[in-house]
Each structure stands twice: as C-alpha cells, then as structure tokens.
Amino acid sequence: SDSFPEDVSGDGKWLLYQETLPDEPQYSALKAFPLPGGAKPLQVLERIDWSSNAVLMPGGNEWLAYQSSESGRAEVYLTRFPNAGARYQVSQTGGVQPVWSKNGKRLYYLDAGQRLTAVDIARDKDSVQVGTPRALFQTSVMPSLSGAGYDVTRDGRFLLLNWVFETPAPLTLVMNWDAEFKK
C-alpha cells in the first residue's frame with residue numbers, strides 16, 4: 001500500500017502516517033510508528049479519508065486532531081493518542097487543515113468559508129472540553145491542500161500560504177500553425 005507521513009511528535013517518539021487501504025484508495029488507515037524504530041506500528045484509526053491532515057498535540061502528544069468527511073462534509077475531530085477512544089467534534093459547520101497552537105491549548109482550522117477559526121481546548125486526563133469556534137479572519141488558503149496551508153507561531157501570529165486567483169488572460173488556440181512554415 002502507499003504510505004505517506006502526516007506528523008512527527010514533538011518529543012520525536014512517533015511518526016504518524018497514513019497507509020492507503022488496498023480495496024478503497026480514497027481511504028486509509030492512520031498508523032503511528034515508534035521512533036527510532038524496531039517496534040511494530042500501532043493502528044490509531046482504522047478507516048479515514050486519505051487526506052486527514054492528522055496532527056499530534058504538542059507537548060504530551062495525548063491528543064490527535066484530524067479531519068474526516070464521514071458525516072458528508074469535512075469536519076475536524078479530536079481523539080486520544082496513541083489509543084484512539086472517544087471522538088470529539090471540533091468544527092460545527094465544516095472544517096479542514098487542523099493546526100495546534102504551540103502550547104496545545106487552542107486548535108485552528110479553516111471553516112467551510114475559508115475563514116481561519118480558533119477553538120480553545122481544555123484537556124483533562126481522559127477527556128477534552130471543546131470551546132466555541134470563533135472565526136478570526138478570511139483567508140485565501142486552498143482548503144484542498146494536503147497538510148495545512150498555514151501555521152501559527154509561538155507568539156500567536158500566522159504564516160499563510162494564500163492563493164489569489166485573478167481573471168486569467170484569454171487563451172488563443174492556433175490550429176495548423178505549421179502550415180505557415182510551408183508557404
């Protein structure tokens with residue numbers, strides 16, 4: 001199967017990757033490979049979208065954020081890591097490209113309108129409390145990017161990969177152009 005990396009834990013102990021399901025190439029299994037190696041990979045999530053944009057919480061690596069469209073549209077979820085358990089929905093009206101704040105207390109994502117949205121995350125030993133999502137600002141980040149098209153710095157500023165599309169110039173198709181050379 002095809003495999004591709006998603007994230008590396010901040011402590012360097014885990015490589016998070018997706019392995020495409022052979023019979024369903026639009027889905028994959030999310031696995032964690034212990035580093036520096038030698039042990040067998042753990043299966044974290046059995047079946048997710050091939051583009052889950054999964055990211056581990058900084059610091060303790062106890063939680064995993066990812067996107068899934070199993071409800072019919074892409075939404076952002078949280079679950080325990082490495083042994084997934086209860087799933088908590090973070091986004092309410094669509095969400096992609098989750099990114100943790102550097103202290104793990106806030107999760108960012110793009111909502112369905114490409115607005116960068118923030119949600120405070122209060123974690124307990126075995127559960128989390130998801131705050132109310134609030135849109136911060138409009139972006140032009142492509143929601144279809146694999147991985148996030150933005151990042152957040154330690155001091156809360158953002159680096160965005162904005163895509164601005166202007167009206168393209170008309171395309172002219174010249175047929176039989178080589179006939180001009182034969183004259």
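A residue counts as buried when its relative accessible area is under 20%. Keep that cut-off in mind for the close-ups below, which all come from a predicted model.

**View 1. Asn53, a buried loop residue with a positive phi.** N53 sits in the loop between β4 and β5 (55-56). Its relative accessible area is just 4%, so N53 is buried. The backbone has a quirk here too: phi of N53 is near 50°, a positive value in a residue that isn't glycine.

**View 2. Gln67 and its neighbours.** Stay close to N53, because Q67 is buried as well, at 7% relative accessibility. Q67 belongs to strand β6 (residues 63-68). Leaving out residues up to four places away in sequence, Q67 touches S51, S52, N53, E75, V76, G95, V96, Q97 and P98. Look at Q97 in particular: its backbone nitrogen lies 2.8 Å from a polar atom of the Q67 side chain.

**View 3. The largest nonpolar core.** In soluble globular proteins, nonpolar side chains tend to be buried together. Here, the largest nonpolar core has 22 residues, and L78, V90, W100, L107, I121 and Y150 touch the most other members. Several strands give two or more residues to this core, including β6, β9 (95-100) and β11 (115-123). Zoom in on W100 and you'll find it touching, among others, W63, L78, L107 and I121. There's also a second, separate core of 13 residues, which includes W14, L16, L45 and F81.

**View 4. Two cis peptide bonds.** One of them joins L35 and P36, with omega at about 10°. P36 is in the loop between β3 (24-34) and β4 (42-49). The other runs from F81 to P82, and its omega is near 5°. P82 lies in the loop between β7 and β8 (87-89). You've already met F81, as a member of the second core.

**View 5. Gln114, another loop residue with a positive phi.** Phi of Q114 is near 65°, again a positive value in a residue other than glycine. You'll find Q114 in the loop between β10 and β11. Is Q114 buried or partly exposed? At 24% relative accessibility, Q114 counts as partly exposed.

**View 6. A nonpolar patch on the surface.** V174, W177 and F181 make a nonpolar surface patch of about 410 Å². V174 is in the loop between β15 (158-160) and α1 (179-182). With 54% relative accessibility, V174 counts as exposed.

Methods
Residues numbered from 1 in each chain as written. Predicted model: local features only at pLDDT ≥ 70, side-chain atom pairs only at ≥ 80, totals over all residues. Heavy atoms only, no water. Patch = residues over 30% accessible without salt bridge, like charges linked within 9 Å, V, L, I, M, F, W, Y side chains within 5 Å. Areas by Shrake-Rupley, 256 points an atom, 1.4 Å probe, with all protein chains shown as cover. Salt bridge = Lys/Arg side-chain N within 4 Å of Asp/Glu carboxyl O. Helix = DSSP H or I, 4+ residues; strand = E, 2+ residues; numbered from the N terminus. Buried < 20%, exposed > 50% of the residue type's maximum accessible area, 1.4 Å probe, protein only. Polar contact = N/O pair within 3.5 Å; in protein donor to acceptor, adjacent residues only side chain to side chain. Contact = heavy atoms within 4.5 Å. Core = buried A, V, L, I, M, F, W, Y, C linked by side-chain atoms within 4.5 Å.
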